[in-house]
Amino acid sequence: MNFETLAIKSTQMTDANAGAVASPIYLSTTFERETDGSYAHGYIYARNDNPNRQLLEKSLAVLEAGEVGFAFASGMAATTALFQSFKSGDHIITPDDAYFATNVLIEEIFSHWGLTLTKVDTTDLEAVKNAIQPNTRLIWLETPSNPQLKVSDIAAIADLAHQHGALCAVDNTWATPVLQRPLLLGADIVMHSTTKYFGGHGDVLGGALILKEDGELANKIRTIQKLTGGVPSPFECWLVARGIKTLSLRVKAQTSNAQQLAEYLEQHPAIEAVHYPGLPSHPQYAIAQKQMSQAGAMLSVQVKGDAINAMNVTGKLQLFTTATSLGGVESLIEHRKSVEGPTSPTPDNLLRVSVGLENIEDLIADWAQALQ
Ligand SMILES: *Cc1c(COP(=O)(O)O)cnc(C)c1O
């Protein structure tokens with residue numbers, strides 16, 4: 001079956017009680033035991049597992065072409081669970097341009113755990129190679145990256161990781177499995193903030209890990225998920241599962257809007273630079289073409305001038321709500337540096353745009369008036 005069919009079918013739950021077509025939400029925290037102590041339905045307690053989470057986890061695994069999926073209460077909870085599977089003395093390589101909190105999580109929390117970190121430009125294979133140490137256990141990629149839309153070569157870096165006995169994980173939040181499937185390119189682990197495109201409507205927080213193999217690492221993650229309890233509620237699982245049904249349709253339509261907006265902005269005299277992997281001018285355009293079916297619905301622009309000039313543009317835009325986050329049906333814009341703080345490497349005049357499902361003519365007209 002193709003992706004869209006799998007998305008619909010993998011999120012459908014048969015309901016023996018009422019024959020309901022839409023999935024029920026099982027709020028029960030506990031499940032009945034038999035006299036002999038067994039659990040006839042396979043569920044014990046909702047932190048361990050529950051019908052809505054199981055449905056979501058199976059769907060996530062199918063859509064990312066993995067053997068097993070784990071749902072978490074947020075993207076950061078998913079990342080945390082993966083880092084908790086490592087031990088003191090292990091070394092991790094991460095991109096210098098990545099979701100800001102991912103690197104801060106290692107620097108501020110997992111440094112106490114004994115994990116060490118090297119941040120490199122993962123678009124530079126030589127730099128990645130030079131950063132590998134004998135104790136490197138993980139190369140973390142985020143591609144396209146936040147907020148500069150850098151594209152890293154998943155197949156080449158997964159290969160490099162494996163040559164040195166390390167794993168390769170990809171934060172696939174921005175591309176989604178509609179456009180890019182890292183496990184098929186050689187990665188071992190995919191991470192998602194399902195808060196973004198999976199949920200798709202800006203009304204649910206969630207995260208996920210999907211593993212290529214249901215082996216030793218999966219067992220560790222399973223234990224961490226149950227014991228540390230950073231799990232989503234049944235309702236949150238239900239919302240993400242509902243989002244999955246329209247994921248492909250939304251991502252493709254939003255991507256088409258983003259591609260057109262990027263092309264418009266690139267030729268605009270008030271714009272210094274557009275960062276979008278669907279433009280031939282993008283430095284990793286060829287790699288994006290190789291590993292993504294389309295370039296996605298996120299882009300960043302550098303407005304000519306300074307931070308104030310850039311922030312003024314967000315004030316003039318009528319259809320782009322100034323807010324953080326991304327991946328919802330409504331277009332959002334954000335001055336990223338002021339969110340990440342003074343230590344962030346993000347340029348002062350950079351605006352990050354999450355392109356929504358509005359009509360593209362209206363979106364372009366809005367930018368035309370804002371840049372006047
Ligand atoms: C939002 C985001 C995260 C963090 O996910 P939360 O659901 O907010 O915890 C991680 N990586 C990327 C690329 C993101 O956009």
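Which polar backbone atom is 2.9 Å from an oxygen atom of the ligand? The one in question belongs to Gly75, and the first legend starts there. A quick note before the views: this is a predicted model, in which local features need pLDDT of at least 70 and side-chain atom pairs count only at pLDDT 80 or more, while totals for chains, interfaces and linings use all residues. Numbering runs from 1 along each chain as its sequence is written, and side-chain values use heavy atoms, with hydrogens and water left out.

**View 1. Polar contacts of the ligand.** A polar contact here is a pair of N or O atoms within 3.5 Å; within protein, one must be able to donate a hydrogen and the other to accept it, and residues adjacent in sequence count only if both atoms are side-chain atoms. Besides the Gly75 backbone at 2.9 Å, a polar backbone atom of Met76 sits 2.8 Å from a ligand oxygen. Thr195 joins in with its side chain, where an N or O atom is 2.7 Å from an oxygen of the ligand. On its own the ligand has 380 Å² of accessible area, and the protein covers 93% of that (Shrake-Rupley method, 1.4 Å probe).

**View 2. The shell around the ligand.** Count 14 residues around the ligand, with Met76, Asp171, Ser193, Thr195 and Lys196 the closest; a residue makes the list if one of its heavy atoms lies within 4 Å. By class, that's 5 nonpolar, 6 polar and 3 charged residues. Nonpolar covers Ala, Val, Leu, Ile, Met, Phe, Trp, Tyr, Cys and Pro, charged means Asp, Glu, Lys and Arg, and the others, Gly among them, are polar. Helix α3 (75-84) and strand β6 (189-193) each chip in at least two shell residues. Helices (H or I, at least four residues) and strands (E, at least two) are DSSP runs, numbered from the N terminus.

**View 3. Two cis prolines in one loop.** Most peptide bonds are trans. The bond from Thr143 to Pro144, though, is cis, with omega near -5 degrees, and Pro144 lies in the loop between β4 (136-142) and α6 (154-163). Asn146 and Pro147 are also joined by a cis bond, with omega about 0 degrees, and Pro147 is found in the loop between β4 and α6 as well. Pro147 is buried at 1% relative accessible area (buried is under 20%, exposed over 50%, partly exposed in between; 1.4 Å probe, protein chains only). Look for Leu299 too: Pro147 and Leu299 are 152 residues apart in sequence, yet 8.0 Å apart in space, C-alpha to C-alpha.

**View 4. Positive phi at Leu149 and Ser325.** Most residues other than glycine have a negative phi. Leu149 goes the other way at about 55 degrees; this residue is in the loop between β4 and α6 and is buried, with a relative accessible area of 0%. Ser325 has a positive phi of about 80 degrees and sits in the loop between β10 (321-322) and β11 (332-335). Is Ser325 buried or partly exposed? At 27% relative accessible area, Ser325 is partly exposed.

**View 5. Gln284 and the Val151 backbone.** A polar side-chain atom of Gln284 lies 3.0 Å from the backbone nitrogen of Val151. Gln284 is in the loop between β8 (271-275) and α11 (285-291), and counts as buried at 12% relative accessibility.
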